[in-house]
Amino acid sequence: MMLRIVLASRSARLVAVVPVLLALPGLALGNRGISIEMAPLRPANLLPYPELCGVLTAIVVTTLVRPRFWEWDRVGTRRAALVSGAAATSALVLPLLVMAVGATRVSEGAPWLWSLSNVLVYSAAVVGLAPFVGVGLAGGIVLVGYFGVGVLNNAEPAVGALLPVATYAEPTGNWVVAVGLAVLAVAAHVRTRGVTAWAHRLNP
């Protein structure tokens with residue numbers, strides 16, 4: 001019953017549309033990105049547009065699937081926990097699909113799996129933070145962090161190498177960390193039903 005209510009909601013319909021809309025610019029600009037050259041003596045760092053579209057998808061989808069009735073979710077049964085976990089999973093999987101669509105436009109032979117793992121890391125960060133600080137703050141933190149990491153990888157690549165996200169055109173990404181963060185994010189939603197009392201007070 002609960003799952004049918006969720007699927008029949010306007011938010012569920014938007015969740016089906018938003019990834020398509022955000023995949024289009026990624027597809028059109030798949031072989032381009034935002035070049036960061038804050039440190040002229042360092043190699044420029046590129047943030048691919050499909051990767052950015054994937055991160056934006058995670059933020060928007062997490063916003064759309066957030067719990068609407070906090071008290072109901074908190075006192076809900078195991079079914080409510082499963083619905084919350086499924087919603088969190090959708091906010092992790094859909095950004096990967098958006099990124100993969102854009103990757104079809106990259107130059108032949110150019111590595112892009114590193115960017116896919118990055119999208120999973122950032123998506124897991126949004127999803128994992130949302131129950132504790134609210135989706136608005138979680139999305140803002142991750143978006144600022146996304147561009148901040150891009151600047152850091154240009155200005156101090158040695159420091160950037162310590163982060164769980166890969167830099168432009170690395171052959172592979174940090175999949176162990178990415179998958180681990182994704183599992184923790186889903187577990188957080190299952191445990192909290194998508195929101196904690198603290199986040200509810202921050203976002204009444």
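This tour proceeds through a few selections in a predicted model.

**First stop: helix α6 and S117**

Select residues 113–133, which make up helix α6, and then pick out S117 within this helix. Is S117 buried or exposed? Its relative accessibility is 0%, which lies under the 20% limit, so S117 counts as buried. Next, display what surrounds S117. Beyond its neighbours within four places in sequence, S117 is in contact with G173, N174, W175 and A178.

**Second stop: α6 beside α9**

Keep α6 in view and add helix α9, residues 175–192. The axes of α6 and α9 come within 8 Å and cross at roughly 25 degrees. Because angles under 35 degrees count as roughly parallel, α6 is roughly parallel to α9. The crossing of these two helices is left-handed.

Now show the side chains where the helices meet. On α6, the residues to select include L113, L116, S117, L120 and V121. On α9, the residues they and others of α6 meet include W175, A178, V179, L181 and A182. What kinds of residues make up the contact of α6 with α9? They divide into 16 nonpolar, four polar and no charged.

**Third stop: the aromatic rings**

A pair of aromatic rings is described by the distance of the centres and the angle of the planes. The structure holds two aromatic pairs. For one of them, select Y122 and Y146: the ring centres are 5.1 Å apart and the planes stand at 85 degrees, an edge-to-face arrangement. This pair links distant parts of the chain, with Y122 in helix α6 and Y146 in helix α7, 24 residues apart. Both Y122 and Y146 are buried.

Add F147 to the selection. The rings of Y146 and F147 have centres 5.3 Å apart and planes at 75 degrees, so this pair is edge-to-face. Compare the surroundings of these two residues: Y146 has a relative accessible area of 1% and is buried, whereas F147, at 32% relative accessibility, counts as partly exposed. Together, Y122, Y146 and F147 form one aromatic cluster.

**Last stop: A138 in helix α7**

Select residues 135–155, helix α7, and find A138 there. With a relative accessible area of 0%, A138 is buried. Which residues touch A138? Leaving aside its neighbours within four places in sequence, A138 is in contact with V126, L129, A130 and V133. Finally, select T63 as well. A138 and T63 are 75 residues apart in sequence, and their C-alpha atoms are 9.6 Å apart in space.

Technical notes: Residues numbered from 1 in each chain as written. Predicted model: local features only at pLDDT ≥ 70, side-chain atom pairs only at ≥ 80, totals over all residues. Heavy atoms only, no water. Helix = DSSP H or I, 4+ residues; strand = E, 2+ residues; numbered from the N terminus. Buried < 20%, exposed > 50% of the residue type's maximum accessible area, 1.4 Å probe, protein only. Contact = heavy atoms within 4.5 Å. Phe/Tyr/Trp six-rings, centres within 6.5 Å; stacked < 30°, edge-to-face > 60°. Axes fitted to C-alpha atoms, helices over the stretch in contact; angles between N-to-C directions. Parallel < 35°, antiparallel > 145°, perpendicular 65-115°, else oblique. Left-handed = near helix turned anticlockwise from the far one by under 90°. Nonpolar A, V, L, I, M, F, W, Y, C, P; charged D, E, K, R; others polar.
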